[in-house]
Amino acid sequence: MKRRDFVLGMLGLSGTSLALTKWLLASRRVTPAEWLGSPYPLVKVPGAGEMYQLWDRPPLYETPVSKLVGTKNPPFTDTDHYYIRWREADLKPLDPDAFRLTITGEGVPKPVTLTLADIKNFPKIERGAVGMCGAAGFGLIRPRRPAPPFTKGDLSCALWGGASLRAILEDVGARPEFGVLTAKSAVKIISNKHPTYIRSVRMVDATGANTLLAYEMNGEALPFWHGAPLRLVIPGVIGPNWVKQLVELEVRRTLAPRSWYQKATGFGPDVPKMGVKTFSLVLSPLDGERVPVGAPVDVMGIAFDSGQGIDRVDVSADNGWSWQGAELGPQPDAYVWRKWKTSFTPTTAGRINVMSRATSTNGETQPLDAWPNIQHEGGHRNNSSRTFATTFEVV
Amino acid sequence: MGAQSPAARRPLVAAVLVGSLGIAGGCRESDRPVSGPPPYVRELKPGEGKLHVESACLSCHNARTIITLEGMTKDWWRFDVCKMRHTFGAEVSDVDTAKIIKYLEDNYSWPDPVEDRERTGTDVIERVCYQTPESVLYHAPEDVYLVSNINGSPLGVDGDGFISKIAADGTALDLTWISGEREGTVLNAPKGMAIQGSTLYVADLTVVRKFDLRTGGPTGNIPIPGSTFLNDVCEGPNGSVYVTDTGLSGNTEGFVNTRTDAVYRIEADDRYRAIATGTVLGQPNGCVAVPGGLVVVTFGSGEVYRLDDDGTRHPMPRPPRGVLDGVVALGDGRLVISSFGGQAIYILRHDQTYEALAPLVDNPADIAWDQKRGRIVVPQFMKSRVVYFNLDGATAGATPTGP
């Protein structure tokens, strides 16, 4: 088969594309070698670095695995390579001078409006934390889920700076026993019925000592892509709740109607638990990288959990039949990922699957298979070792 | 075409297979260069409905959003389109919704063994954006199915419930024919329905709501103080209807029993009385009036009994599994019952034994009997879809029973 025919076939331009497709499907098993890297194009994002583009409208970019641990202030991800995930098609920058944050709701004595300067008057605190999408690995499992098909790059780690949300809520006299905090973004989607992104979080999460109204990221002003001028950062809780371009907080008893992706169940305060699950990833070697047979290979990676601390990381090069412990690097802040490394010697040439399994100090371990999670949670917050395994070419 | 998807597929499965078969070295792939990434396709596949997809979806998305999601199942595509419509408020008509879902199913869905197994033995009324459908009612004069949609929590006073009017061929005539989001209509978590004359009765938490069957406009409310979870409504004699209270509420753990179990009879002039009360009723759910009384199936105890108007219960054979929801009477006197516990539809035969009709129906709620086609129509509560299957031999001479 000529290369030109192949390309035309892939583009659906060939009259015999169906036959070609069948041929391709049939021939896949032996040749050619399957592409092991990201299935998405690597593009230069305006105002940021080169990232894999899932979609551009709404903007969705995942961090290349090689850039997860940045160079400027490791182990944090460089701001330019922090993954980008918006649900809205039309984004506009907010004028920081005209910016106002309203705190309202039945759990507040009277509505309060704060400027950015008001928020910066509160003592600044800094927290390192992993931000992660609930759809991690959706691009790696079949069937596809109705959510962004991220592969391994929808997580990043940054040092966030801002005001303590607890201090601000105390200052305005909000009553934590109301149970639910609703955070509202300024971004509009094209619909009259649902003007902005709204998210309800549990008050216990919102009033934790680490929850920030962040206006700084990695020591600099929060960039547009990550929610300037103000965003919510809740370490230990997954990213959908870290509302960007935050303009309103509402203290309520119940889940706000029209919360995106949060449908009331009728039971209790209705806010799903959104904790980060224990997770680990092989960062090096990369997917598809060639390693020599018979020589030791250094395997390096990261691990994190919901803030308990990583207890151990095990690595398997034989699909989970045997595991060897990895050497752990120092644990930075509780919500920052911990580096680990180990080495092994491949004995046969060919493809080899290497997977990692982290265990938290609270005993939570990554499952081997994704299937139970897919059955019960639709793949949401999937953290199975097999889903996120790395495949090397041993030559 | 499907060429892009295998390329995007994870090497994981292949690698696992190769590894476990111990033939890792046999493929000799390693001396070939690793191929490049899959081609960057930015155009939707040609096909019927493409224009509808472009006009409805591409105002907020670009085509990559759809292209990169190739490989979802049919159910997921329907879910995704309906999410855009209901949760995110995309303004798309019922007709366009069906065309969009069909295009996506035809061009971007992959078959899935699990979904295929679930579909075995039933037909699915496809491409309609139900939201937690609880009950189906066949309205013979119009030859339509009315489907009540809770839309969210079965306990939620959220004002977003709706009732759909669906043609027997599966076309959505009006998805939100009656809608709690419409000015002047209140509908929170609609469940069972019954028709008496020109009035549609709908059980809605603690109120039975009345609607004009022609216009869908509200014509009155019958609040029943002391009730908690009014569930099914069925036609009674002399213009009356019966309504059951399953006696449920919720806390952080799930459903709790409020012990308000009751069966009420509402007369044509809206006066009502409880004909039976108490937890001895076993959380009554579905009901159907048959010659000689009212048949009730229970959600809590999994019983079936006949109830006289003075409250006397006459036990009937108990189905193999419980958590019963809906019941209909066939023209020949047999009963068909849906069971959450058995994920099944049972038929009570003339010899007083049960037979499972549909082997596996997830979350079957309040069923309907389409006597014209000999069809049992089942709303699948958590799956937000409606399926049906034909009852062989049951259609002969079948007419709706009733007092």
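**Notebook: helix α6 of chain B and its surroundings**

I looked first at α6(B) and noted that B:D94, B:T97, B:I100, B:I101, B:Y103, B:L104, B:E105, B:N107 and B:Y108 are buried, where buried means under 20% relative accessible area, with a 1.4 Å probe and protein chains only. The model is predicted, so I kept in mind that local features need pLDDT of at least 70, that side-chain atom pairs count only at pLDDT 80 or more, and that totals for chains, interfaces and linings use all residues. Residues are numbered from 1 along each chain as its sequence is written, chains are lettered from A in the order in which they are written, and side-chain values use heavy atoms, without hydrogens and water.

I then checked the extent of α6 in chain B, which runs over residues 94-108, has 15 residues and reaches 21 Å from its first C-alpha to its last, close to the 21 Å expected at 1.5 Å a residue; the expected span is 1.5 Å times one less than the number of residues. Helices are DSSP runs of H or I with at least four residues, and strands are runs of E with at least two, numbered from the N terminus.

Which elements cover the buried residues of α6(B)? I found that the cover includes α3 (50-57), α4 (63-67), α5 (74-87) and β5 (172-179) of chain B.

Turning to the whole chains, I recorded seven helices and 26 strands in chain B, and six helices and 23 strands in chain A. Of the 403 residues of chain B, 57% count as buried, and in chain A buried residues make up 57% of 395.

Methods: Buried means under 20% relative accessible area, exposed over 50%, partly exposed in between (1.4 Å probe, protein chains only). Contact means heavy atoms within 4.5 Å.
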